[in-house]
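I opened this model to look up how its sheets and helices fit together. These are my entries, in the order I made them.

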Amino acid sequence: MGEDVRNADLAGLNTFGLPARAARLVHVRSAAQLKALIAEPAWAATPRLVLGSGSNLVLAGDFAGTVLKVELAGRRLVAEHADAWVVEAGAGENWHAFVRWTLEHGWPGLENLSLIPGTVGAAPIQNIGAYGLELAERFDALDAIDLDSGQVRTFSLADCGFAYRDSVFKRAPGRWLVSAVRFRLPRPWRAVTRYADVMQELGERSIATPAALDISDAVVAIRRRKLPDPALLGNAGSFFKNPVVDAGLCAHLLAAHPAMPHYPQADGSEKLAAGWLIEQAGWKGRDLGPVGCYERQALVLVNRGGATGADVERIACAIMADVEARFGVRLEPEPVFVRA
(Lines give C-alpha, C1' and ligand atoms only; values in the text may rest on other atoms or scores of the structure.)
Protein backbone atom coordinates (compact mmCIF):
# COMPACT_ATOMS: atom_id res chain seq x y z
CA MET A 1 0.00 0.00 0.00
CA GLY A 2 1.24 3.50 -0.79
CA GLU A 3 2.19 6.01 1.86
CA ASP A 4 -0.61 8.44 0.97
CA VAL A 5 -4.04 7.07 -0.04
CA ARG A 6 -7.30 8.92 -0.78
CA ASN A 7 -10.74 7.47 0.04
CA ALA A 8 -9.01 4.72 2.00
CA ASP A 9 -10.69 1.58 3.33
CA LEU A 10 -10.17 1.26 7.11
CA ALA A 11 -11.88 -2.10 7.64
CA GLY A 12 -8.55 -3.92 7.74
CA LEU A 13 -6.98 -1.33 10.04
CA ASN A 14 -9.20 -1.83 13.09
CA THR A 15 -9.29 -5.07 15.07
CA PHE A 16 -13.08 -4.97 15.39
CA GLY A 17 -13.23 -5.29 11.60
CA LEU A 18 -15.77 -2.47 11.30
CA PRO A 19 -16.40 -0.89 7.89
CA ALA A 20 -15.32 2.73 7.42
CA ARG A 21 -13.44 4.90 4.95
CA ALA A 22 -11.13 7.87 5.43
CA ALA A 23 -10.83 10.85 3.12
CA ARG A 24 -7.06 10.38 3.35
CA LEU A 25 -4.76 7.78 4.91
CA VAL A 26 -1.07 8.52 5.43
CA HIS A 27 1.36 5.82 6.55
CA VAL A 28 3.77 7.78 8.77
CA ARG A 29 7.23 6.25 8.53
CA SER A 30 9.47 9.24 9.31
CA ALA A 31 9.43 12.56 11.13
CA ALA A 32 10.36 14.34 7.91
CA GLN A 33 7.30 12.93 6.16
CA LEU A 34 5.08 14.16 8.98
CA LYS A 35 6.72 17.59 8.98
CA ALA A 36 5.95 18.00 5.26
CA LEU A 37 2.33 17.01 5.88
CA ILE A 38 1.90 19.58 8.64
CA ALA A 39 3.33 22.26 6.33
CA GLU A 40 0.52 21.76 3.80
CA PRO A 41 -1.74 24.87 3.52
CA ALA A 42 -4.97 23.02 4.36
CA TRP A 43 -3.52 21.07 7.30
CA ALA A 44 -4.71 23.39 10.09
CA ALA A 45 -8.35 22.87 9.10
CA THR A 46 -8.04 19.12 8.55
CA PRO A 47 -9.59 16.72 11.09
CA ARG A 48 -7.04 14.02 11.99
CA LEU A 49 -7.01 10.64 13.62
CA VAL A 50 -3.81 9.04 14.92
CA LEU A 51 -3.94 5.28 14.41
CA GLY A 52 -1.73 2.50 15.74
CA SER A 53 -3.01 -1.03 15.18
CA GLY A 54 -6.66 0.00 15.66
CA SER A 55 -7.06 -2.32 18.65
CA ASN A 56 -8.79 0.14 20.97
CA LEU A 57 -11.08 1.76 18.45
CA VAL A 58 -14.73 1.72 17.40
CA LEU A 59 -15.24 3.23 13.95
CA ALA A 60 -18.78 4.56 14.13
CA GLY A 61 -18.71 6.01 10.61
CA ASP A 62 -16.49 7.30 7.80
CA PHE A 63 -13.76 9.80 8.73
CA ALA A 64 -13.77 13.04 6.77
CA GLY A 65 -10.18 13.99 7.59
CA THR A 66 -6.70 12.45 7.52
CA VAL A 67 -5.84 9.22 9.31
CA LEU A 68 -2.18 9.04 10.38
CA LYS A 69 -1.15 5.37 10.54
CA VAL A 70 1.92 5.40 12.79
CA GLU A 71 4.67 3.08 11.54
CA LEU A 72 7.75 4.58 13.20
CA ALA A 73 10.19 1.76 13.98
CA GLY A 74 13.23 1.15 16.18
CA ARG A 75 14.19 -0.48 19.49
CA ARG A 76 17.26 0.24 21.64
CA LEU A 77 18.79 0.23 25.10
CA VAL A 78 19.17 3.92 25.98
CA ALA A 79 21.02 3.62 29.27
CA GLU A 80 21.99 1.15 31.96
CA HIS A 81 22.10 2.46 35.53
CA ALA A 82 22.71 0.77 38.84
CA ASP A 83 19.01 0.93 39.64
CA ALA A 84 17.39 0.61 36.20
CA TRP A 85 17.58 -0.11 32.50
CA VAL A 86 16.11 2.52 30.18
CA VAL A 87 14.81 1.11 26.88
CA GLU A 88 13.14 2.86 23.95
CA ALA A 89 10.91 1.85 21.07
CA GLY A 90 9.46 3.64 18.08
CA ALA A 91 5.74 4.27 18.31
CA GLY A 92 4.92 1.91 15.45
CA GLU A 93 6.55 -1.14 17.05
CA ASN A 94 4.25 -4.00 18.03
CA TRP A 95 3.79 -3.87 21.81
CA HIS A 96 4.03 -7.59 22.56
CA ALA A 97 7.05 -8.05 20.29
CA PHE A 98 8.76 -5.20 22.12
CA VAL A 99 7.99 -6.73 25.54
CA ARG A 100 9.44 -10.07 24.47
CA TRP A 101 12.50 -8.33 23.00
CA THR A 102 13.24 -6.68 26.37
CA LEU A 103 12.95 -10.01 28.15
CA GLU A 104 15.15 -11.82 25.64
CA HIS A 105 17.85 -9.19 26.21
CA GLY A 106 17.69 -9.54 29.99
CA TRP A 107 15.79 -6.33 30.77
CA PRO A 108 12.71 -7.46 32.72
CA GLY A 109 9.85 -5.37 34.04
CA LEU A 110 7.14 -5.36 31.36
CA GLU A 111 6.28 -9.08 31.50
CA ASN A 112 2.85 -8.59 33.13
CA LEU A 113 1.81 -6.53 30.10
CA SER A 114 2.55 -9.32 27.61
CA LEU A 115 0.19 -9.95 24.68
CA ILE A 116 -1.75 -6.71 25.10
CA PRO A 117 -2.71 -5.86 21.52
CA GLY A 118 -1.54 -2.63 19.94
CA THR A 119 1.55 -0.56 19.32
CA VAL A 120 4.12 1.00 21.63
CA GLY A 121 2.89 4.50 20.77
CA ALA A 122 -0.68 3.70 21.73
CA ALA A 123 0.31 2.15 25.07
CA PRO A 124 0.83 5.40 27.03
CA ILE A 125 -2.24 7.05 25.47
CA GLN A 126 -4.40 4.41 27.13
CA ASN A 127 -2.03 3.85 30.08
CA ILE A 128 -2.42 0.14 29.46
CA GLY A 129 -2.47 -2.22 32.40
CA ALA A 130 -3.03 -5.87 33.25
CA TYR A 131 -2.29 -8.50 35.86
CA GLY A 132 -1.15 -6.17 38.62
CA LEU A 133 0.85 -3.62 36.60
CA GLU A 134 0.17 -0.34 34.77
CA LEU A 135 2.40 1.19 32.12
CA ALA A 136 2.80 4.34 34.24
CA GLU A 137 4.76 2.26 36.77
CA ARG A 138 7.45 1.53 34.17
CA PHE A 139 7.35 4.81 32.25
CA ASP A 140 10.38 7.07 31.80
CA ALA A 141 9.53 9.62 29.07
CA LEU A 142 8.16 9.92 25.55
CA ASP A 143 8.61 12.12 22.51
CA ALA A 144 5.52 13.45 20.76
CA ILE A 145 4.97 15.69 17.77
CA ASP A 146 2.52 18.55 18.10
CA LEU A 147 0.24 18.11 15.09
CA ASP A 148 -0.66 21.80 15.20
CA SER A 149 2.86 23.20 15.06
CA GLY A 150 5.11 20.30 14.09
CA GLN A 151 7.26 20.86 17.18
CA VAL A 152 8.65 17.87 19.10
CA ARG A 153 8.12 17.78 22.86
CA THR A 154 9.43 15.38 25.46
CA PHE A 155 6.89 14.39 28.11
CA SER A 156 7.92 13.29 31.61
CA LEU A 157 5.81 11.03 33.82
CA ALA A 158 4.18 14.06 35.45
CA ASP A 159 3.48 15.69 32.07
CA CYS A 160 1.47 12.70 30.86
CA GLY A 161 -1.28 12.98 33.48
CA PHE A 162 -1.69 9.22 33.66
CA ALA A 163 -4.86 7.86 35.27
CA TYR A 164 -6.84 4.64 34.97
CA ARG A 165 -6.86 3.96 31.19
CA ASP A 166 -6.31 7.66 30.60
CA SER A 167 -3.70 10.31 29.80
CA VAL A 168 -3.38 13.88 28.50
CA PHE A 169 -3.08 12.39 25.00
CA LYS A 170 -6.38 10.55 25.20
CA ARG A 171 -8.05 13.76 26.39
CA ALA A 172 -6.76 15.71 23.38
CA PRO A 173 -7.36 13.44 20.36
CA GLY A 174 -5.68 14.55 17.16
CA ARG A 175 -3.30 16.96 18.92
CA TRP A 176 -0.25 14.76 19.53
CA LEU A 177 1.44 11.95 17.65
CA VAL A 178 3.65 9.90 19.96
CA SER A 179 6.86 9.08 18.09
CA ALA A 180 8.96 7.17 20.65
CA VAL A 181 8.51 5.90 24.21
CA ARG A 182 11.14 5.18 26.86
CA PHE A 183 10.65 2.81 29.78
CA ARG A 184 12.52 2.65 33.07
CA LEU A 185 12.83 -0.98 34.16
CA PRO A 186 13.86 -1.21 37.84
CA ARG A 187 16.77 -3.32 39.01
CA PRO A 188 17.05 -5.44 40.93
CA TRP A 189 13.97 -6.92 39.31
CA ARG A 190 11.07 -8.02 41.51
CA ALA A 191 8.30 -10.29 40.29
CA VAL A 192 4.73 -8.93 40.34
CA THR A 193 2.63 -12.03 41.01
CA ARG A 194 -0.11 -10.74 43.31
CA TYR A 195 -2.79 -11.23 40.65
CA ALA A 196 -4.71 -14.43 41.42
CA ASP A 197 -4.82 -15.77 37.84
CA VAL A 198 -1.05 -15.38 37.47
CA MET A 199 -0.37 -17.15 40.75
CA GLN A 200 -2.70 -19.98 39.77
CA GLU A 201 -1.10 -20.38 36.33
CA LEU A 202 2.39 -20.46 37.81
CA GLY A 203 1.23 -23.00 40.40
CA GLU A 204 -0.15 -25.25 37.71
CA ARG A 205 3.23 -25.06 36.01
CA SER A 206 4.95 -25.91 39.33
CA ILE A 207 6.98 -22.69 39.24
CA ALA A 208 7.55 -21.48 42.80
CA THR A 209 10.18 -18.84 42.01
CA PRO A 210 9.33 -17.45 38.58
CA ALA A 211 11.68 -15.61 36.26
CA ALA A 212 10.33 -12.71 34.22
CA LEU A 213 9.95 -14.92 31.15
CA ASP A 214 7.90 -17.40 33.22
CA ILE A 215 5.49 -14.61 34.16
CA SER A 216 5.26 -13.48 30.54
CA ASP A 217 4.51 -17.04 29.41
CA ALA A 218 1.85 -17.38 32.13
CA VAL A 219 0.17 -14.11 31.14
CA VAL A 220 0.22 -15.11 27.46
CA ALA A 221 -1.43 -18.43 28.32
CA ILE A 222 -4.12 -16.74 30.43
CA ARG A 223 -4.91 -14.15 27.78
CA ARG A 224 -5.09 -16.72 24.99
CA ARG A 225 -7.42 -18.85 27.06
CA LYS A 226 -9.76 -16.02 28.03
CA LEU A 227 -9.68 -13.58 25.13
CA PRO A 228 -10.53 -13.99 21.44
CA ASP A 229 -7.88 -13.52 18.78
CA PRO A 230 -8.91 -10.44 16.74
CA ALA A 231 -7.61 -12.15 13.61
CA LEU A 232 -10.29 -14.81 14.08
CA LEU A 233 -13.08 -12.90 15.84
CA GLY A 234 -13.14 -9.10 15.58
CA ASN A 235 -12.96 -7.26 18.90
CA ALA A 236 -11.38 -4.28 20.64
CA GLY A 237 -10.21 -6.09 23.77
CA SER A 238 -11.75 -5.18 27.13
CA PHE A 239 -14.67 -2.96 26.21
CA PHE A 240 -15.61 -1.49 29.60
CA LYS A 241 -13.52 0.07 32.35
CA ASN A 242 -13.80 -1.35 35.84
CA PRO A 243 -16.00 1.23 37.61
CA VAL A 244 -14.83 3.02 40.75
CA VAL A 245 -17.59 3.76 43.29
CA ASP A 246 -17.74 5.29 46.74
CA ALA A 247 -17.48 3.04 49.79
CA GLY A 248 -21.13 3.57 50.72
CA LEU A 249 -22.47 2.26 47.43
CA CYS A 250 -20.04 -0.65 47.56
CA ALA A 251 -21.24 -1.61 51.05
CA HIS A 252 -24.86 -1.39 49.89
CA LEU A 253 -24.14 -3.67 46.92
CA LEU A 254 -22.20 -6.15 49.07
CA ALA A 255 -25.17 -6.50 51.41
CA ALA A 256 -27.22 -7.77 48.47
CA HIS A 257 -24.35 -9.51 46.62
CA PRO A 258 -21.78 -10.81 49.14
CA ALA A 259 -19.74 -12.53 46.41
CA MET A 260 -19.23 -9.32 44.42
CA PRO A 261 -15.52 -8.71 43.71
CA HIS A 262 -14.31 -5.34 44.97
CA TYR A 263 -10.89 -3.76 45.36
CA PRO A 264 -10.23 -0.97 47.91
CA GLN A 265 -8.49 2.10 46.47
CA ALA A 266 -6.05 4.42 48.20
CA ASP A 267 -8.61 7.25 48.40
CA GLY A 268 -11.20 5.09 50.17
CA SER A 269 -13.25 4.34 47.06
CA GLU A 270 -13.78 0.83 45.71
CA LYS A 271 -13.09 -0.57 42.24
CA LEU A 272 -15.64 -3.11 41.00
CA ALA A 273 -15.20 -5.79 38.34
CA ALA A 274 -17.12 -4.71 35.23
CA GLY A 275 -17.06 -8.26 33.86
CA TRP A 276 -18.79 -9.61 36.97
CA LEU A 277 -21.47 -6.92 36.81
CA ILE A 278 -22.10 -7.63 33.12
CA GLU A 279 -22.29 -11.37 33.72
CA GLN A 280 -24.74 -10.92 36.60
CA ALA A 281 -26.88 -8.77 34.32
CA GLY A 282 -27.20 -11.76 32.00
CA TRP A 283 -25.08 -10.60 29.07
CA LYS A 284 -22.18 -13.07 29.01
CA GLY A 285 -22.43 -15.12 25.81
CA ARG A 286 -25.46 -13.17 24.60
CA ASP A 287 -25.71 -11.49 21.18
CA LEU A 288 -27.59 -8.44 19.99
CA GLY A 289 -27.62 -8.53 16.21
CA PRO A 290 -24.14 -9.21 14.78
CA VAL A 291 -22.30 -8.17 17.97
CA GLY A 292 -22.04 -10.39 21.01
CA CYS A 293 -20.71 -10.46 24.55
CA TYR A 294 -17.92 -13.04 24.42
CA GLU A 295 -18.78 -16.34 26.08
CA ARG A 296 -15.42 -16.65 27.88
CA GLN A 297 -15.03 -13.06 29.05
CA ALA A 298 -17.98 -10.73 29.56
CA LEU A 299 -15.77 -7.64 29.23
CA VAL A 300 -15.20 -8.32 25.54
CA LEU A 301 -17.62 -7.51 22.73
CA VAL A 302 -17.10 -9.42 19.49
CA ASN A 303 -18.05 -9.01 15.85
CA ARG A 304 -19.90 -12.19 14.85
CA GLY A 305 -19.77 -11.05 11.22
CA GLY A 306 -20.85 -7.99 9.27
CA ALA A 307 -21.14 -5.65 12.25
CA THR A 308 -21.06 -1.86 11.97
CA GLY A 309 -20.13 0.78 14.50
CA ALA A 310 -23.83 1.36 15.13
CA ASP A 311 -24.25 -2.32 16.04
CA VAL A 312 -21.43 -2.06 18.58
CA GLU A 313 -22.91 1.07 20.08
CA ARG A 314 -26.35 -0.55 20.33
CA ILE A 315 -25.19 -3.52 22.41
CA ALA A 316 -22.86 -1.38 24.52
CA CYS A 317 -25.73 0.95 25.42
CA ALA A 318 -28.00 -2.01 26.23
CA ILE A 319 -25.40 -3.55 28.55
CA MET A 320 -24.74 -0.23 30.27
CA ALA A 321 -28.46 0.34 30.80
CA ASP A 322 -29.00 -3.13 32.28
CA VAL A 323 -26.02 -2.88 34.65
CA GLU A 324 -27.11 0.56 35.83
CA ALA A 325 -30.70 -0.60 36.35
CA ARG A 326 -29.59 -3.60 38.40
CA PHE A 327 -26.66 -2.16 40.38
CA GLY A 328 -26.89 1.63 40.10
CA VAL A 329 -23.41 1.63 38.53
CA ARG A 330 -22.69 3.39 35.24
CA LEU A 331 -20.16 1.59 33.06
CA GLU A 332 -17.83 3.53 30.77
CA PRO A 333 -16.52 2.18 27.46
CA GLU A 334 -12.75 1.80 27.22
CA PRO A 335 -12.25 2.09 23.41
CA VAL A 336 -12.27 5.41 21.60
CA PHE A 337 -15.34 6.00 19.42
CA VAL A 338 -14.58 7.72 16.11
CA ARG A 339 -17.64 9.29 14.58
CA ALA A 340 -18.33 10.64 11.11
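The entries below go through two sheets, the helices on them, a helix pair, the cysteines and one tyrosine.

**Entry 1: the model**

I note at the start that this is a predicted model.

**Entry 2: the five-stranded sheet**

I asked for the strand order of the open sheet of five strands. It reads β6-β7-β12-β10-β11, and the pairing is antiparallel. I then looked for the edges. They are β6 and β11, the latter at 152-156, and each pairs on one side only. From one strand to the next, the twist averages 20°.

**Entry 3: β7 and its partners**

I took β7 next, residues 84-90. How many of its residues are buried? The count is seven of seven, so I wrote it down as mostly covered, with buried meaning under 20% relative accessible area. I checked the two faces separately. One side carries A84, V86, E88 and G90, and these are buried. W85, V87 and A89 lie on the other side and are buried as well. I flagged E88 as a charged residue among the buried ones of β7.

Then I followed the pairing on each side. β6, residues 75-80, runs antiparallel to β7 over five bridges. A hairpin of three residues connects β6 to β7. In this pair, A79 faces V86 of β7. With β12, residues 176-186, β7 makes seven bridges, again in the antiparallel sense. Two positions fix the register for me. V87 is opposite F183 of β12, and G90 is opposite A180 of β12.

**Entry 4: α2 on the sheet**

What lies across β6, β7 and β12? I found helix α2, residues 95-104, running at about 45° to β6. I looked up its burial too. Seven of the ten residues of α2 are buried, which makes the helix mostly covered. I listed them: W95, H96, F98, V99, W101, T102 and L103. I also looked up what these buried residues pack against. The partners are β6, β7, β12, α6 and α3, the last at 122-126.

**Entry 5: α5 against α6**

α6 had come up as a partner of α2, and I looked up its packing with α5. Helix α5 spans residues 196-204 and α6 spans 212-226. Their axes are 9 Å apart and make an angle of about 110°. Roughly perpendicular covers 65 to 115 degrees, so I entered α5 and α6 as roughly perpendicular.

Which residues make the contact? From α5 they are D197, V198, E201 and L202. From α6 they are D214, I215, A218, V219, A221, I222, R225 and K226. I sorted these contact residues by type. Seven are nonpolar, five are charged and none is polar.

**Entry 6: the four-stranded sheet**

I moved to the other open sheet, which has four strands. The order is β13-β19-β18-β17, with antiparallel pairing. β13 (234-238) and β17 (287-288) are the edge strands, each pairing on one side only. I looked closer at β13. Three bridges join β13 to β19, residues 300-303, and the two run antiparallel. G234 has N303 of β19 as its bridge partner. S238 stands opposite V300 of β19. β13 is an edge strand, yet four of its five residues are buried.

Which helix packs on this sheet? I found α9, residues 309-327, touching β17, β18 (291-293) and β19. The direction of α9 makes about 35° with that of β18.

**Entry 7: cysteines**

I searched the whole structure for disulfides and got zero. I still looked up two cysteines for burial. C160 has 0% relative accessibility, so I logged it as buried. C250 comes out at 2% and therefore counts as buried too.

**Entry 8: Y263**

My last look-up was Y263, which sits in strand β15, residues 262-264. Is Y263 buried or partly exposed? At 45% relative accessibility I entered it as partly exposed, because the range for that class is 20% to 50%. I then asked for its contacts, leaving aside neighbours within four places in sequence. Y263 touches S269, E270 and K271. I also took one distance. The C-alpha atoms of Y263 and V244 are separated by 9.1 Å, with the two positions 19 residues apart along the chain.

How values were computed
Residues numbered from 1 in each chain as written. Predicted model: local features only at pLDDT ≥ 70, side-chain atom pairs only at ≥ 80, totals over all residues. Heavy atoms only, no water. Axes fitted to C-alpha atoms, helices over the stretch in contact; angles between N-to-C directions. Parallel < 35°, antiparallel > 145°, perpendicular 65-115°, else oblique. Contact = heavy atoms within 4.5 Å. Buried < 20%, exposed > 50% of the residue type's maximum accessible area, 1.4 Å probe, protein only. Pairing = 2+ DSSP bridges. Disulfide = S-S within 2.5 Å.
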